[in-house]
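Here's a quick tour of one protein model, written for someone new to reading structures. Have a look at the picture first, then work through the points below.

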Amino acid sequence: MNSKHFVTTRRDSLLLLALSIIVLLVVSLILQLPANCLQEWYYYPDARSYREAAEQLYRHNGAANSIRPVCLNVVAWVATIQIIFRISGWLSGRLFAWIASLLFLLSFSHIISLYQSLSETIFLLLVLVSLWTFIRFWQSGRDIYLVFALIALCYSVTVRPVTYYFAIIATIISFVYLV
């Protein structure tokens, strides 16, 4: 596949990626989020415990590296925008997909929470991946998509236990369906 064909087939995704990066950089610079991220008063009370855990997990040459959780949150945020675009495009078409993606993209509270080392971004990504793979199962009828949807849903339980009972019920229903 040549690069021109790749760009034309992925035009919306690439444009959304570029918009995501631009909005992230502009909002971060206007609100001085990277500078505030280094201040102790900036963090929410429960973000401190996540930050300490991340510093314990990500050690580099004996020194804590607290930028990696922020990078992980940014990657999860960009992936969430892409999945919102795909899901809403499947439900209502390309125009609504752009509107839904841009509304999420321009929600400044999500951008601010990227610098907090909280689990909301990763949880939302896992739930949307589960929904997206379930939609793929619904479209194609291939059982592997149902399995991937359940795996993503179960991983979301490890991030936030609020989906615990839903994951159990979905697993039972899927097992009955597959057998």
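What follows is a short briefing, sorted by topic.

Keep in mind from the start that this is a predicted model. The chain has 10 helices and 2 strands. Its 179 residues include a buried share of 38%.

**The overall layout**

- Walking along from the N terminus, you meet the elements in the order α-α-α-α-β-β-α-α-α-α-α-α.
- Take the contacts between residues at least 6 apart in sequence: 65% of them join residues at least 24 apart.

**Helix H6, checked with a ruler**

- Helix H6 covers residues 94-105, which makes 12 residues.
- At 1.5 Å a residue, helix H6 should span 16 Å, and its end C-alpha atoms are indeed 16 Å apart, so the two values agree. If you try the sum yourself, multiply 1.5 Å by one less than the number of residues.
- Which residues of H6 are buried? They are Ala97, Trp98, Ala100, Ser101, Phe104 and Leu105.

**Two buried residues to find**

- Ser101 sits in helix H6, and its relative accessible area is 0%. Buried means under 20%, so Ser101 makes the cut.
- What does Ser101 touch, once you leave aside its neighbours within four places in sequence? Its contacts are Leu16, Ile81, Ile84 and Phe85.
- Ile87 belongs to helix H5, which runs over residues 67-92. Ile87 has a relative accessible area of 7%, so it counts as buried too.
- Skip residues up to four places away in sequence, and Ile87 is in touch with Leu128, Leu131, Trp132 and Ile135.
- How far apart are Ile87 and Ser101? In sequence they are 14 residues apart, and in space their C-alpha atoms are 9.9 Å apart.

**The salt bridges**

- The structure holds 2 salt bridges.
- One of them pairs the side chains of Arg94 and Asp12, with N and O 2.8 Å apart. Arg94 lies in helix H6 and Asp12 in helix H2 (residues 11-30), so this pair ties together parts that are 82 residues apart in sequence.
- Is Asp12 buried or exposed? Asp12 counts as buried, because its relative accessibility is 15%.
- There's also a salt bridge between Glu120 and Arg160, whose closest N and O atoms are 2.9 Å apart. Glu120 is in helix H8 while Arg160 is in the loop between H9 and H10, so here the pair links parts 40 residues apart in sequence.
- Glu120 is partly exposed, at 37% relative accessible area. Arg160 is partly exposed as well, with a relative accessibility of 24%.

**The largest pocket**

- How much space lies in the largest pocket? The volume is about 310 Å³.
- The lining of the largest pocket is made of 14 residues, and the closest to the centre are Phe134, Leu146, Ala149, Phe166 and Ala170.
- Where does the lining come from? The elements giving two or more residues to the lining are helix H8 (120-140), helix H9 (143-159) and helix H10 (164-178).
- Sort the lining residues by type and you get 12 nonpolar, 2 polar and no charged.

Notes: Residues numbered from 1 in each chain as written. Predicted model: local features only at pLDDT ≥ 70, side-chain atom pairs only at ≥ 80, totals over all residues. Heavy atoms only, no water. 1 Å grid on protein atoms, 1.4 Å probe; cavity = no way out; pocket = protein on both sides within 12 Å on 5 of 7 lines; lining within 4 Å. Points joined across faces, edges and corners; volume = space filled by probe spheres on them. Helix = DSSP H or I, 4+ residues; strand = E, 2+ residues; numbered from the N terminus. Nonpolar A, V, L, I, M, F, W, Y, C, P; charged D, E, K, R; others polar. Buried < 20%, exposed > 50% of the residue type's maximum accessible area, 1.4 Å probe, protein only. Contact = heavy atoms within 4.5 Å. Salt bridge = Lys/Arg side-chain N within 4 Å of Asp/Glu carboxyl O.
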